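Colleague: I'd like a close look at one helix in this assembly, and then a walk outwards from there to whatever else you can tell me. Could you take me through it slowly?

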Amino acid sequence: MDFRTLLSRTAPAALPATGLLLSGCGLRGSHHALDPAGPQAGAIGSLWWLLLVVSAVVFVVVMTALVLALTRYHETPDRENLPAQAHRTVMGWVAGGVGVTVLILFVFLVATLLAERRIAAIDADPEALEISVIGRQWWWEIQYENAAPWLTATTANEIHIPVGRPVHLKLNSADVIHSFWVPSLGGKRDLIPGHTNRLSIQADRAGVFEGQCAEFCGHQHAHMRIIVVAQPPEEFEAWLEQQRQPAREPQTEGEIRGREVFLASDCIMCHSIRGTTAMSQVGPDLTHLAGRRTLAAGVLPNTRGHLGGWILDPQGIKPGNRMPRHTFPAEQFHPLLDYLGSLE
Amino acid sequence: MNPEGPRSAAVLPTAGPRAADARASHHDLDRVWSPPEGLYGWLTTTSHTQIGRRFIVTAFIFFLLGGILAALMRLQLSHAESGFLSPDRYNQIFTMHGVTMMFLFAVPIMEGFGIYLIPLMVGTRNLAFPRLNSFGYFTYLIGGILLYAALLLDIGPDAGWFAYLPLAGPEFSPGHRMDFYAEIITFLEISALVGAVEIIVTVFKLRAPGMTLNRMPLFVWALLVTSFMIVFAMPSVEMASAYLILERLAGTHFFDPAAGGDPMLWQHAFWFFGHPEVYIIFIPATGMVASIVVTFSQRQMFGYPAVILALITTGFVGFGLWVHHMFATGLPSLGMSFFAAASMMIAIPSGIQVFCWIATLWTGRPRLRVPLWFVLGFVFLFVMGGLTGVMLGAVPFNLQVHDTYFVVAHFHYVLIGGAVFPLFGGFYYWFPKMTGRMLNERLGLWNFWLMFIGFNVTFFPMHELGFRGMPRRVYTYLESTGWEPLNLLASCGAAVLAVGVLLFVINVLWSRARGQAAGDNPWGADTLEWTTTSPPPNYNFHFQPVVTDRYPGWTRGPDSPVVVGLKDDAHEVLVTTTLDAVPDHRTTFPPHSIWPFLTAVAVAVIFFGLIFTPWAIPAGAVLAMAMLILWFWPKHHVLHRGHEEDAP
Amino acid sequence: MISRNMDVSGLPDHAFSHHSLTWWGVLGFIVVESTFFGVLVATYLYGIGRAAEWPPAGVAPPTLLWGTLNAGIMVLSCWPNLRYKRAAERMDGPACRRWLLVAVGFGAAFLAIRALEITALDIRWDDHFYGSIVWAILGFHTLHIVADFTECVVLAFIAWTKPLSPHHFADFSDDAVYWYFVIAMWLPLYGLIYLVPRAL
Amino acid sequence: MRKFIRPLACLAALLASCSKEARQFRAGPATGRAPAIAQSELFPGLTAPPASGPNPYEGNAHALAEGRRLYRWFNCNGCHFNGGGGIGPPLMDDQWIYGSEPANVFATIVQGRPNGMPSFHQRLNDQQVWQIVAYVRSLGKLPDAGKPPQRASEKSAARDVKSDPE
């Protein structure tokens, strides 16, 4: 085969890859690791760009060497022995390549350690807010702990944090291993039974950042999503104050009837609504259900219709999850939805 | 006889097989070394070429099955919230995909190539411990069949090939699904372990006279290093899966934090095996690459000693990386820095190898045939995967992309790019030796380009999916995530990849019947296996060669020296010294036997039966013991016709 | 350069020790099984590292008597084992037969004492992590004693009923090597199970 | 052809065992009450209490695990402990006051019983009750078919209560 045609043959194959690379960089989602919203993710982002640029250069150089090795004019006929001069020259290149490799790795290592230091900078911040996150199959329990137990706010699948203030997450698991990950805010950390792990995050701008459990945890691993809502501090304080309150009393007749339905149903075997007799801890706390953005761990938008669908057929939406199916007659169901919809 | 008796081999004044002892007849050798016919022969053979081929074919079938599972996953993931597979099924499928590719495909096929090629490459008649070899194959086959039977019966393991506790434990994986995983993995890896011991002993003790360590082909070096890694890595996963068996079936508390155990113990034990596993798959592939590069550039390996040192270094450092699978578990950061440094350091030996391959091509005269195309594809993909691997060593970056599709992309670049492409190159390269026919070159080029393009279209977008927050092992995703277009693209790429693999299957089936006849050494290769006929006779070499340099395939002629004086009417093999390959003594290999097969069945009874009843242990143990006694019952006299003091 | 053919018909057709293939095979499996033991030991040490108290509160380490007795007898048995191996390498049939019986006797003694050792344990494998790992270590080592004991019984049977060939002697020699391994493994395990918890 | 018959028969037998491993998430009606069951243990003559309605989850590994989880979640172990009994009667023996057939157990859970057993009427979904029934019946190994999900944990759970191991 004519070696000179090699390049022209290889080029078409390289094109799709390059195209993908370019298109990949152009696309951004609402929860992109390279769209950092805080210093932790920012440090990782910078580290990545360094790694990428250097690696891309290395890749191009190695591929060029490979193509040249195939296409250059080859004069040596002897299979077993290489002339000493040629051997020395090539050996020089190989040794040089290894030397550069070592140098690059050293740079990478130093950059890694520096990035680690930047990320760990807020680990010991005494001003930080502490939030307890408990992983459960397949939702997140969030607790804003307080020295006074009655002021502990419990919610699910939605973490509110103040902008600009470090947040320490205390990570535990109630069943299997999960992993907390919100790409825009930084790296992930596993929630392991028997261990208490910590992760520090900080948001520098307000916004809603999505994330998802990253460690395989069973049937609904795919649908164990979490959102982090970063708010200006005063807005956050107001939210937290409201979360600490017991549930809002029903106002309308429908809501009152709905609470009766709720308390007479099997809902109370798993869920609690603070301020009522429903106090079970095994399912998400519903005290301020209506204030949340999503249902079923980030799977459904929190609307009346979705809530109704979720109650009637949770196994159709998230097969294998822990919530059983229910049927309510219409005259009970609508008041129930009224009531749950009123739990701001 | 005096054990301290004469240990020197006489040097005869004649040279070459033509002048050699005329009594050594093909006929006698063929009669002695041929396996028996029929089904009984299939179950009893101890021929390394037969068992090696069988390993390769079986592993390739598992590769196709694993590929079908992958295709099912790509179908499911091509659209958001697809209902094609239930989470229950999907979890079994992705678990079995991983188990298949790691345990049933990658390691066995590499060992299969080793079992087939190493005795040929070192110039001997069979692998050391031929019966153990047969036993190893049957444990592998039975284990694989049981796992797939379980999958078809809806009892497929569903907690991931990594089976993290407590999800894989008794509480969260009820039923027998993970019992199958734990039992069969423990059982299956016996095969890898015995294969490794056989290869080590063959390489150390059965090399042809004159094949000193620095004349050994790089493929043999690679398999030697791999085998050592298997010997030290596999026991870790064997023990871990034994703990898992005990945890599930006997109620121990190795992993239960409430009783003093720790789920992290599993992760340490598993990844202490799991990371070396990657190199166990990759190092033999580099051996294949070295063989192909040398042959197709018609130039001895540049930096042969450096490459060997790189292989050995990789083997060692490969054991120091396991924690980089666990950066997200919250281990102390000092330890993590050590493992980060080690993870980056492993790039150095890999870099040395890549540079030496390029230097060999540079100084040689490359002939661009299909095997070399696969090697070029390999270098492209492996360098890419290696670079993302170095990135993953950077702890903070790792925390961002760990357990995402970025990692899925990375390790498919390293494993498919780094092992499957060389493997396909190896298929094209050694197929003529195994069958006597060439694979079709034109189909081969189509095969290569479809696989190469399909692979990149499948896996390159996954890097970006990882950045966008798509975790691994999800059975579906919401449409609002925006992951759909790239997933669809990946699924289309998978289809192209699948067509490429299909072309290979067609090529093999077609060429086996009608391919061009190959001759002994169609590629002008340098290693010893090409000096015998294609396919090799059951006894490999009419006369065992005496090796005088590193490239016997290039330098040997009809007058090259050979070993004479071995009995041609017994399974007699020459044993040489470990370092210098000086003749030491003759040994007689055992004949074909049914007991290895029956022992494998008995051991399978223990492991498989234990899933259902603890009585399987005593029953299976007694059975296995009986089989082993019959297997090892000394009957050295059987083939020693007229041998002194052996008469019963 | 024309090299010459090599006539190997004058070489011996069997070998002992590191010359023999079987010896290397046995060594290979010894390495594999040492790694198994290594994982067990690592698990035990991991448990110590995690636990506040080792053994857990209210649990006593296993009583010293039987374990120590076993360790002592094992060390003692090295001497007959050495004689057995030497006799095999001398290809001294009658001596081999005698020493094999001694080896069988020692194997039976190990097993008998191990049975007492296990029954003297006041913990179960399903009590806690500590119980699990102690049982696992004892069980895995007992498995080795059982296996080698069985091999010895079979070899003794062969030795006393059949004429011996050099290959038999090679088998005896490798069997003796394996006994060394079983004994050598017990000593660190004994230290780990019996002495370490007392020293902590 | 004949040589395939035996393997095929084995395969069929294995396939029949699959129901033990199936995970049925949406199975069963969401409401509807217990099948016809005896209200009392008092019956004319010497016959055993009539039971009807086999448990759809009997012996299914996943359902047993779910039943075990619900048993803890809903604090059945608060009275019955891990089956050994304490405040409430033991569930591991074969002397069941209100009948041990699935339908009897179902009724006991749904209706409640004198001296402390509360009624879980409208507190538990049918599917959940059946899963708990399957689980508590597996504690004493009442059903022949179908192993409990974790024989060892059950055993150790039993040991917590009964002082005598084995």
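Modeller: Sure, let's start with α3(C), where the buried residues are Gly93(C), Ala95(C), Cys96(C), Trp99(C), Leu100(C), Ala103(C), Val104(C), Gly107(C), Phe110(C), Ile113(C), Arg114(C) and Glu117(C). Bear in mind that this is a predicted model. What covers those buried residues? The cover includes α2 (64-90), α4 (129-161) and α5 (166-199), which belong to chain C as well. If you're wondering about the spacing of such a list, an α-helix has 3.6 residues a turn, so residues three or four places apart point the same way. Notice that Arg114(C) and Glu117(C) are on the buried list too, alongside residues such as Leu100(C) and Phe110(C).

The length of the helix checks out as well. α3 of chain C has 27 residues, 93-119, and at 1.5 Å a residue they should span 39 Å; the C-alpha atoms at its ends are 39 Å apart, so expectation and model agree. At the N-terminal end there's a cap: Asp92(C) has a side-chain oxygen 3.3 Å from the backbone nitrogen of Ala95(C). Ala95(C) turns up among the buried residues of α3(C), too.

From there, let's hop over to chain A and another α3. Ile104(A) sits in that helix, which covers residues 84-120 of chain A. Once you set aside neighbours within four places in sequence, Ile104(A) is in contact with Val54(A) and Val58(A). Val54(A) is 50 residues away from Ile104(A) in sequence, yet their C-alpha atoms are 8.0 Å apart.

Chain A also meets chain B, and here the contact involves 90 residues of chain A and 93 of chain B. Together the two chains bury about 7900 Å², with carbon and sulfur atoms giving 72% of that area. On the chain B side, the residues that lose the most area to chain A are Trp362(B), Gln400(B) and Phe467(B), which together make up 9% of what that side buries.

As for the polar part, 19 residue pairs are in polar contact across this interface. Several helices of chain B supply at least two residues each to the side touching chain A, among them α5 (87-122), α9 (263-297), α13 (370-393) and α16 (441-467). α12(B) gives the most, with 11 residues. Sorted by class, that side of chain B has 62 nonpolar, 20 polar and 11 charged residues. The salt bridge count between the two chains is 1, and it joins the side chains of Glu215(A) and Arg473(B), with 3.4 Å from N to O.

Staying in chain B, have a look at His275(B), which is placed in helix α9. His275(B) counts as buried because its relative accessibility is 6%, under the 20% cut-off. Its side chain makes a polar contact with the side chain of His324(B), at 3.3 Å. Beyond neighbours within four places in sequence, the contacts of His275(B) are Gly318(B), Leu321(B), Trp322(B), His324(B) and His325(B).

Last stop, chain D. It has 6 helices and 0 strands, and 45% of its 166 residues are buried. If you take the contacts in chain D between residues at least 6 apart in sequence, 64% of them join residues at least 24 apart.

How values were computed: Residues numbered from 1 in each chain as written. Chains lettered and ligands numbered in written order. Predicted model: local features only at pLDDT ≥ 70, side-chain atom pairs only at ≥ 80, totals over all residues. Heavy atoms only, no water. Contact = heavy atoms within 4.5 Å. Buried area = accessible area lost by both parts, 1.4 Å probe. Salt bridge = Lys/Arg side-chain N within 4 Å of Asp/Glu carboxyl O. Polar contact = N/O pair within 3.5 Å; in protein donor to acceptor, adjacent residues only side chain to side chain. Helix = DSSP H or I, 4+ residues; strand = E, 2+ residues; numbered from the N terminus. Nonpolar A, V, L, I, M, F, W, Y, C, P; charged D, E, K, R; others polar. Expected span 1.5 Å × (residues − 1). Buried < 20%, exposed > 50% of the residue type's maximum accessible area, 1.4 Å probe, protein only.
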